[in-house]
Amino acid sequence: MIYLDAAATAPARREVLEEMWPLLTSTFGNPSSHHAYGEAAAAEFSRARSRIAALLGCRASEIIFTSGGTEADNLALKGIALASPRGRHIVASPIEHPAVLEALAYLRDFHGFRITSLPVSATGRISPAELEAALEDGTTLCTVMYANNEVGTVQDIAALAAVCRKAGVPFHSDAVQAAGWLPLDVGDLGVTALSISGHKLGTPKGIGLLYLRAGTRCEPVLHGGGQERGRRSGTENVAGAVGLARALELAQGALPAAADRARALRDAFTDSVLDAVPGAVLTGDAEHRLPNLASFCFPGVSGESVLLELERRGVVCSSGSACAAGSSEPSAVLRALGLDDETAYSAVRLSWTQDTTHADLEEAARAVVASVSAVRSLGTPAGPSALPA
């Protein structure tokens with residue numbers, strides 16, 4: 001079986017699990033406890049924070065550990081907005097992860113915030129000029145994801161953050177898909193806040209972080225014992241933090257060579273599919289996209305049916321965001337890019353890790369071609385009626 005759904009979750013890396021193991025067995029204490037077990041755990045927790053800060057180019061005190069990307073996004077948006085509402089106006093891209101979109105809907109519905117949705121190009125790119133035009137004197141914050149989780153489009157985050165910095169508007173970016181493939185130095189990016197999730201990088205699920213620039217006011221989302229300097233209460237996940245530090249070190253240490261290799265594999269793979277499948281459409285930006293993700297629409301066929309055929313042929317992938325699983329609605333991302341509903345229902349996303357080989361993707365390309373052909377021969381239409389029960 002060839003696993004090509006790394007954008008949903010990556011397999012845990014052995015090096016990460018090995019470094020976490022002592023924190024689950026011998027050094028298992030609560031880091032808030034004042035005894036030998038707790039102090040040993042606290043020391044490892046502090047080291048993990050410092051290791052991550054060194055990778056992100058920030059202070060250790062600017063790292064807040066969370067349960068994952070969803071919590072990090074919620075803390076950034078709700079925390080900044082509620083701590084300093086200003087004009088209760090937020091600017092966001094329409095192709096954000098559901099964690100961002102639902103947090104924005106909450107702020108709109110329960111706290112009276114106005115949300116301005118930025119225009120995106122047909123490939124999902126956002127113009128700094130369009131962002132500048134959307135900002136107001138009382139804009140509370142702006143959020144634009146670094147790399148899209150469905151189509152892989154990468155934004156010029158440094159340029160967008162510079163526009164907000166000039167206007168005095170806090171800028172948050174969801175970097176969950178970008179981590180491990182793109183530069184993460186927060187000074188170079190110019191962001192106020194940045195979200196990362198460990199399970200996209202090779203940790204077990206349940207650990208993430210929010211970088212929050214020093215001096216940024218942030219109302220806690222979780223209240224309790226006051227951990228994380230009062231910004232995120234709850235017993236700290238020490239093993240997860242150590243695993244995240246190791247996963248980031250492994251991923252960022254392999255760049256840019258790993259990204260260059262994945263990019264070459266991606267281009268060969270997409271060319272093979274586009275050349276062999278009549279009518280196939282590459283979604284997202286052909287140039288500014290993640291090295292490890294290829295997303296297609298196959299108009300006239302059901303993407304879900306193609307997925308079933310692919311798995312029968314030994315290839316596992318997805319039709320889009322795993323966080324929208326179970327929804328019968330077409331992808332909001334693809335609709336924002338201007339695709340009609342029928343085309344959006346034909347979407348297939350394939351994504352891989354640094355360990356995926358050229359042979360894996362060659363075999364996967366052949367499987368895609370065969371699967372689309374098989375579905376077309378059956379005449380299975382695209383749309384919600386084609387979804388499996």
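At what angle do the axes of helix 10 and helix 13 cross? Let's find out by selecting residues 303-312, which make up helix 10, along with helix 13: their axes cross at roughly 125° and come within 9 Å. Keep in mind as you click around that this is a predicted model.

**Stop 1: helix 10 and helix 13**

An angle of roughly 125° is neither over 145 nor within 65 to 115, so these two helices count as oblique to each other. Helix 10 passes helix 13 in a right-handed crossing. Now show the side chains where they touch. From helix 10, pick Ser305, Val306, Glu309 and Leu310; from helix 13, pick Ala367, Val368, Ser371, Val372, Ala374 and Val375. Colour this contact by residue type and you'll get 7 nonpolar, 2 polar and 1 charged.

**Stop 2: helix 9 meets helix 13**

Stay with helix 13 (residues 358-378) and add helix 9 (residues 257-276). Here the axes come within 9 Å and cross at roughly 20°. That angle makes helix 9 roughly parallel to helix 13. This crossing is right-handed. To see the contact, select Leu265, Phe269, Ser272, Val273 and Ala276 on the helix 9 side, then His358, Leu361, Ala364, Ala365, Val368 and Val369 on the helix 13 side. How many of these residues are nonpolar, polar and charged? The split is 9 nonpolar, 2 polar and no charged.

Notice Val368: it touches helix 9 here, and it was also part of the contact with helix 10.

**Stop 3: a group of rings**

Leave Phe269 on screen and add Phe296, Phe298 and Trp352. Together, these four residues form one aromatic cluster. If you like hunting for rings, the whole structure holds 6 aromatic pairs.

**Stop 4: an unusual peptide bond**

Next, zoom in on Pro256, in the loop between helix 8 and helix 9. Is the bond from Leu255 to Pro256 cis or trans? It's cis, with omega near 5°. For comparison, most peptide bonds are trans.

**Stop 5: helix 1 against helix 8**

Walk back from that loop into helix 8 (residues 238-253) and bring in helix 1 (residues 14-24). The two pack at an angle of about 160°, and their axes are 8 Å apart. That makes helix 1 roughly antiparallel to helix 8. Their crossing is right-handed. On helix 1, the contact uses Glu15, Val16, Glu19, Met20, Leu23 and Leu24. On helix 8, look for Val238, Ala239, Gly240, Val242, Gly243, Arg246, Ala247 and Leu250. In this contact you'll find 9 nonpolar, 2 polar and 3 charged residues.

**Stop 6: two last oddities**

Where does Arg86 sit? Look in the loop between helix 3 (69-83) and strand 3 (89-92). Check its backbone angles: Arg86 isn't a glycine, yet its phi is positive, at about 50°. Most residues other than glycine have a negative phi.

Finally, select Lys78 and Tyr106. Turn the view until you're looking at the ring of Tyr106, and you'll see Lys78 lying over its face, at 4.6 Å from the ring centre.

Notes
Residues numbered from 1 in each chain as written. Predicted model: local features only at pLDDT ≥ 70, side-chain atom pairs only at ≥ 80, totals over all residues. Heavy atoms only, no water. Axes fitted to C-alpha atoms, helices over the stretch in contact; angles between N-to-C directions. Helix = DSSP H or I, 4+ residues; strand = E, 2+ residues; numbered from the N terminus. Parallel < 35°, antiparallel > 145°, perpendicular 65-115°, else oblique. Left-handed = near helix turned anticlockwise from the far one by under 90°. Contact = heavy atoms within 4.5 Å. Nonpolar A, V, L, I, M, F, W, Y, C, P; charged D, E, K, R; others polar. Phe/Tyr/Trp six-rings, centres within 6.5 Å; stacked < 30°, edge-to-face > 60°. Lys NZ or Arg CZ within 6 Å of the ring centre and 35° of its normal.
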